[in-house]
Amino acid sequence: MKNITKEFPGVKANDNVNFTLNKGEIRVLLGENGAGKTTLMNILYGLYEPTSGEIYINGEKVEIKNPTVAISHGIGMVHQHFMLVPPFTIAENIILGSEPTRKNGIKLDMKKAIEDVKEISNKYGLAVDPNAKIQDISVGMQQRVEILKALYKGADILILDEPTAVLTPQEIDELAIILKKLTQKGKSVILITHKLKEIMGMSDKVTIIRRGKLIDTVDTDKTTSDELAELMVGRKVNLVVDKKEMKTGDTVLEINKLSAVDQRGVVKVKGISFEVKAGEIFAIAGVDGNGQTELVEVLTGLRKAKGGNVSLNNKDITNTKTKKIIEAGVGHIPEDRHKRGLVLDFSLSENMILGNHYEAPFSKNGLLNYNEINKHAVELIGEFDVRTPNQHVKAKSLSGGNQQKVIIARELYRDPDLLIAAQPTRGLDVGAIEFVHKRIVEQRNKGKAVLLVSLELDEVLALADRIGVIYDGNIVGIVNAKDATEKELGVMMAGGKK
Ligand SMILES: Nc1ncnc2c1ncn2[C@@H]1O[C@H](COP(=O)(O)OP(=O)(O)O)[C@@H](O)[C@H]1O
Ligand SMILES: [Mg+2]
């Protein structure tokens, strides 16, 4: 790809990028959220037309007007969000769009389709059951189907956009083996990611892009995570969180024998008690699905408690409306930022006043005051370093990291006594993670209480003062973070008592 530039209104997503891929290599395309990785690959796959620049395949200049042309040049792409049809079988999904037909040219030859699928799945060591339905298989298996689909269409260059975001550690290991095998058979792979951790074992070279510009390409075995992080963010990144000693103050949140059920009526929170004091970060560690979601929902008024009570600054707030809970001094960074954190079709300005929208200066005599709302947004965009063309764009057009900054800006603007941060860095890149961690620690250092709920043990250990481990709806142990070890926490997370 030569001198590729792609402009969107207000954003230069790719700025004169030169990118060369060799046969048989696994190349990582690394960059923060919004750096321009997906755009560059969408251009290669014919989804976007570049504003300027040229593409050569095997030395020959090509015009890739659409994905059909890309496929004819042997380029295949597996998108971040899979594009499979859930009620169809694996075989049906793989052949969709290039179905083999019987002699008359009309009837679908399903038998041949299944044979074809078996053949490529054997050839590349990607075992699947062609007759299984997509809706019944794991996410890791669905990704395998997407890869097979690209190979079925004849891909020689396989582009994978953030393939590990949805996988478990075991599935990531399997993917690494699959990719290696593909390159041994002469395929070339481009792997888009913003995660440093898994790159090292998986790739030959890493190309870093930052704010649309190509920064460098380095050999994986001659670099380090620290160096890559710095190239990616453009400055030294502090992967270790600075925390000063704090004396804790009064109890801000007190939870007593709290219980709650999920939407199917299954008891998910089974009589939990703990407290969070001013000036401390109390983290709930645990494997996903052990009651964390329901606990946070009860605390924020999104779900009714079945029993027990919750008090904030010594006032009972059990089963109080969300609006009242916010007014009582609770800020909430929700685990699902699209569903609970933002109104995706609203502008940034509007999103930044949600929950305060009925108050002065944003509202006057029942009417929104857009001058004030915009002014407020411009200030927060600056203070929280939200990367956006302006405050008028819709929340949905921002990258995940920038969306999260909008939520954090809004929640911290209210200066809450208690900040509840649920999976606050899920899906974010290092730069954004560092930012979020700093803000959470700042809140504690100001003498506020923080309840952190995280599936990432690294995050819990880096931020927390005390850690409560949740398992099957119970807090099975509470430990001081200073004395906690990953191993000990891991045992509790699997149900072992402290
Ligand atoms: N279809 C689009 N319209 C407008 N802006 C876009 C579009 N796609 C991407 N962008 C913008 O281009 C920049 C690069 O985005 P993207 O390529 O998705 O980044 P990455 O994949 O590295 O996270 C971002 O600022 C993003 O908001
Ligand atoms: Mg992307």
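How many of the 16 residues of α15 are buried? The answer is 12, so this helix is mostly covered, taking buried to mean under 20% relative accessible area. Keep in mind as you explore that this is a predicted model.

**Two helices side by side in a table**

Let us set α15 next to another helix, α14, which covers residues 400-413.

| Helix | Residues in helix | Reach, first to last C-alpha | Expected at 1.5 Å a residue |
|---|---|---|---|
| α14 | 14 residues | 20 Å | 20 Å |
| α15 | 16 residues | 22 Å | 22 Å |

Now for the burial of each helix. In α14, 12 of the 14 residues are buried, so the helix is largely enclosed by the rest of the structure. Among those buried residues are Gly401, Asn402, Lys405, Val406, Ile407, Ile408 and Arg410. What covers them includes two strands, β16 (330-333) and β19 (418-422), together with the helices α11 (337-341), α12 (348-351), α13 (370-383) and α15 (430-445). In other words, α15 is part of the cover over α14.

The buried residues of α15 include Val430, Gly431, Phe435, Val436, Ile440 and Val441, and also Glu434, His437, Arg439 and Arg444.

Look just past the end of each helix, too. Asp415 follows just after α14 and takes a positive phi of about 50°. Just after α15 comes Gly447, whose phi is also positive, at about 90°.

**The nonpolar cores**

Which residues have the most contacts inside the largest nonpolar core? They are Leu30, Ile90, Ile147, Leu179, Leu182, Val206 and Ile208, in a core of 48 residues. Helix α5 (residues 139-152) gives the most to this core, with six residues.

Ile208 is a good residue to click on. Beyond its neighbours within four places in sequence, Ile208 is in contact with Leu30, Leu214, Ile215, Val218, Leu228, Leu231 and Met232, among others. Its partners also include Lys213 and Asp216.

There is a second, separate core as well, with 44 residues, including Val241, Ile281, Val393 and Leu452.

**A pocket to find**

Finally, try locating the second largest pocket, which has a volume of about 490 Å³. Its lining is made of 21 residues, and Leu21, Tyr56, Ile57, Asn58 and Ile157 lie nearest the centre. Two elements give two or more residues to this lining, β4 (52-57) and β8 (188-193). The largest share, three residues, comes from β4. Sorted by class, the lining has nine nonpolar, nine polar and three charged residues.

Notes
Residues numbered from 1 in each chain as written. Chains lettered and ligands numbered in written order. Predicted model: local features only at pLDDT ≥ 70, side-chain atom pairs only at ≥ 80, totals over all residues. Heavy atoms only, no water. 1 Å grid on protein atoms, 1.4 Å probe; cavity = no way out; pocket = protein on both sides within 12 Å on 5 of 7 lines; lining within 4 Å. Points joined across faces, edges and corners; volume = space filled by probe spheres on them. Helix = DSSP H or I, 4+ residues; strand = E, 2+ residues; numbered from the N terminus. Nonpolar A, V, L, I, M, F, W, Y, C, P; charged D, E, K, R; others polar. Core = buried A, V, L, I, M, F, W, Y, C linked by side-chain atoms within 4.5 Å. Buried < 20%, exposed > 50% of the residue type's maximum accessible area, 1.4 Å probe, protein only. Contact = heavy atoms within 4.5 Å. Expected span 1.5 Å × (residues − 1).
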